[in-house]
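Me: I should like to go through the assignments in this model and ask what each one rests on. Please set each value against its definition.

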Amino acid sequence: MSIKLVMLKSGEDIITDLQEIKSEDEVIGYYFDEPRIVKMYQPKEPTLLSEEGENKEYASRFNVRFYPWIPLSKDSKIPCSADWVITIVEPLDKLKEQYEEKLINAKNGKNSTANK
């Protein structure tokens with residue numbers, strides 16, 4: 001598996017198992033296997049780190065949620081033209097773990113939501 005975080009021209013951040021589509025020696029596109037849109041959100045209740053009298057220190061924390069990319073397709077491996085990709089990077093270890101856990105749960109038939 002080659003799990004990557006891909007930013008598209010549309011502004012979407014996709015986490016996926018990425019494979020190149022080549023024509024001779026040139027990359028002309030990519031296959032996104034089990035692609036998921038990654039959305040960050042801030043929890044309603046911040047995490048309290050410490051409290052001294054009236055002074056409170058909170059953790060700045062974001063969580064993520066995964067959403068299917070092209071949710072109405074029955075295909076799990078979707079081609080994407082290389083000119084729609086802005087950049088491809090390594091995801092944070094924690095994000096990669098969450099994505100892999102979500103895929104394992106989905107394949108085992110468990111309905112895993114979220115994604116903290």
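Me: What does the secondary structure of the protein chain come to?

Reply: The protein chain has one helix and eight strands; helices (H or I, at least four residues) and strands (E, at least two) are DSSP runs, numbered from the N terminus. Along the sequence the pattern reads β-β-β-β-β-β-β-β-α. This is a predicted model, in which local features need pLDDT of at least 70 and side-chain atom pairs count only at pLDDT 80 or more, while totals for chains, interfaces and linings use all residues. Residues are numbered from 1 along each chain as its sequence is written, and side-chain values use heavy atoms, with hydrogens and water left out.

Me: Why does R36 count as buried?

Reply: Buried means under 20% relative accessible area, exposed over 50%, and partly exposed in between (1.4 Å probe, protein chains only). R36, in strand β3, has a relative accessibility of 15%, and therefore counts as buried.

Me: Why is Y31 called partly exposed?

Reply: Y31 has a relative accessible area of 32%, which lies between the two limits, so Y31 is partly exposed. Y31 is placed in strand β3, residues 26–41.

Me: What makes the pairing of R36 and E34 a polar contact?

Reply: The term requires a pair of N or O atoms within 3.5 Å; within protein, one must be able to donate a hydrogen and the other to accept it, and residues adjacent in sequence count only if both atoms are side-chain atoms. The side chains of R36 and E34 make such a contact at 3.4 Å.
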